[in-house]
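I have my notebook open and a new protein to look through. Let me bring it up on the screen.

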Amino acid sequence: MNITRPVRGFLLAGAATISAIAILPTTQRPAAAASAITTPAFMADRAIVPPEGHGVTLAMGTGDNLYVLLSDGAQVQKFDATLTQLPYTGTGNGGGAGSAANQFGASTSGIAVYRGGAGNTNILNDRIIVADRVNNRIKVLDAFGNLVFQFGSGGTSKAQFSGTITAIDVDQVTGKIYVVDGLGFERVQKFDLSGNFERMWGWGVKTGAAQFEICTSLDAVCFPGQTGGGAGQFNLFHSTGGVTTDGTSVFVSDTENYRIQKFDLNGNYLATWGSQGSGNGQCADYGCLGIRYSNGLLYVADSYPNNRIQIFDTNGVFQGAWGDSTTFREPEDIAIASTGEEFVGDFFPIGLGRLSKWSAAANRHPTNKDQCRNGGYANYVDDNNQPFRNQGRCVSYVNHH
């Protein structure tokens, strides 16, 4: 089967799906949970300006400020918890090379925020870590968008990239940075908060052999990984994937293998779950993309045509899912506020893209037409003259006014 696969920032036509992947033996696979998570209540949404089809990645900062990286627009935007846009100097359009301090090349993805350590409440301590894919580097900005420092260079070895940076996360306790170095390099690189390379993992990264390997700062040279479906191997040749950490393990959305892979903090392979399909724990034709850890759970943006958010525990046990084609169209990333509210970036309506905010309480949803209307259901035009409406639980009240 051939599909048109979305990549954050651009489209690739005719990419073949994977028909066979490595699956854990039955004794190692996590069992599906019987619990269900109902659709959170819609709270707000807004169009992405400039229009951004694919390529929206999200990160949550101190005070629940939302940082949004637009791939096509080659810029970072900042919003408060109400989705009101805030001034941010990191919005300079890269225009291709984008070599200035607050600029990025187009077709980039991957953003994370280090919030200054446990207990910190000072937004001035935030460090916004942003992929600059075209320039093969990672930029670290402050809460106002000023460049603090940058690291990385072009190449194939340690702390080097070749237009391949696609997803980033940072451990809020240790400040360790995890970078998905995909698009043919098929590896994860790990850095400290100062940008010093520590290690990478993937197939063949230490010796070039067809096997899972870990290459560290003590090794003379590291190599690009090999694409495939083995344990600890990645298939991100046409996709950005996603990465997150809970401080104990690292979880990677292995998009074109339709699965999530779990590693320890040193890169040792632990487990895999997922396959292609629309069932519980499966990933859509376009794959599972953004992944986020919060309060013991993993939230995964399961893109087209599943158009939903799936929730797992950190052992891969399915906890529930919400969303469908009336709620999202190709969700790409998710961020979780300190209050538990969920922010989703998706490709809806077609050709534009939006940010949406959903309630923290999984069982909080409208039960009558007035609650539905008061909860946000209405046909309205936002500040970009684009119609949006809360499609979730309110869809049955569409004829009420």
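These are my entries on the pocket, the disulfides and the nonpolar cores.

**Entry 1: before I begin**

I note for myself that this is a predicted model.

**Entry 2: the pocket**

I started with empty space. Rolling a probe the size of a water molecule over the atoms shows where such space is left. I found that the largest pocket holds about 720 Å³. Its lining has 31 residues, and I wrote down the ones closest to the centre: Met60, Arg115, Gln172, Tyr293 and Ile336.

Next I asked which elements give two or more residues to this lining. My list reads β4 (56-60), β8 (111-114), β14 (165-170), β19 (242-245), β23 (288-294) and β27 (331-336). I also sorted the lining by kind, and got 12 nonpolar, 13 polar and 6 charged residues.

**Entry 3: the disulfides**

A reminder to myself: a disulfide is a covalent bond between the sulfur atoms of two cysteines. How many does a search of the whole structure find? I got 2.

One joins Cys215 to Cys222, with 2.0 Å from S to S. The torsion about this S-S bond is about -85 degrees, so I recorded the disulfide of Cys215 and Cys222 as left-handed. Are its cysteines buried or exposed? Buried means under 20% relative accessible area. Cys215 is at 0% and so counts as buried, and Cys222, at 1%, counts as buried too.

The other disulfide joins Cys283 to Cys288, with 2.2 Å from S to S. Here the torsion is about -100 degrees, so the disulfide of Cys283 and Cys288 is left-handed. Cys283 counts as buried because its relative accessibility is 3%, and Cys288 counts as buried at 2%.

**Entry 4: the nonpolar cores**

In soluble globular proteins, nonpolar side chains tend to be buried together, so I went looking for such groups. The largest nonpolar core has 20 residues, and those touching the most other members are Ile129, Ile138, Ile165, Ile168, Ile177, Val179 and Phe191. At least two residues each come from β8, β9 (127-132), β10 (137-141), β14, β15 (177-181) and β17 (197-203). β14 gives the most to this core, with 3 residues.

I then picked Ile138 and looked up its contacts, leaving aside neighbours within four places in sequence. Ile138 is in contact with Ile129, Val130, Phe149, Gln150, Phe151, Phe161, Ile165, Ile168 and Val179.

Last, I noted a second, separate core of 13 residues, among them Ile48, Val56, Ala337 and Phe343.

Methods. Residues are numbered from 1 along each chain as its sequence is written. This is a predicted model: local features need pLDDT of at least 70, side-chain atom pairs count only at pLDDT 80 or more; totals for chains, interfaces and linings use all residues. Side-chain values use heavy atoms; hydrogens and water are left out. On a 1 Å grid over the protein atoms alone, a cavity is a set of points where a 1.4 Å probe fits but cannot get out, and a pocket is an open set with protein on both sides within 12 Å along at least five of seven lines; lining residues have an atom within 4 Å of a point. Grid points are joined across faces, edges and corners, and a volume is the space filled by probe spheres set on the points. Helices (H or I, at least four residues) and strands (E, at least two) are DSSP runs, numbered from the N terminus. Ala, Val, Leu, Ile, Met, Phe, Trp, Tyr, Cys and Pro count as nonpolar, Asp, Glu, Lys and Arg as charged, and the others, Gly among them, as polar. A disulfide is a pair of cysteine sulfur atoms within 2.5 Å. Buried means under 20% relative accessible area, exposed over 50%, partly exposed in between (1.4 Å probe, protein chains only). A nonpolar core is a set of buried Ala, Val, Leu, Ile, Met, Phe, Trp, Tyr and Cys residues joined through side-chain atoms within 4.5 Å. Contact means heavy atoms within 4.5 Å.
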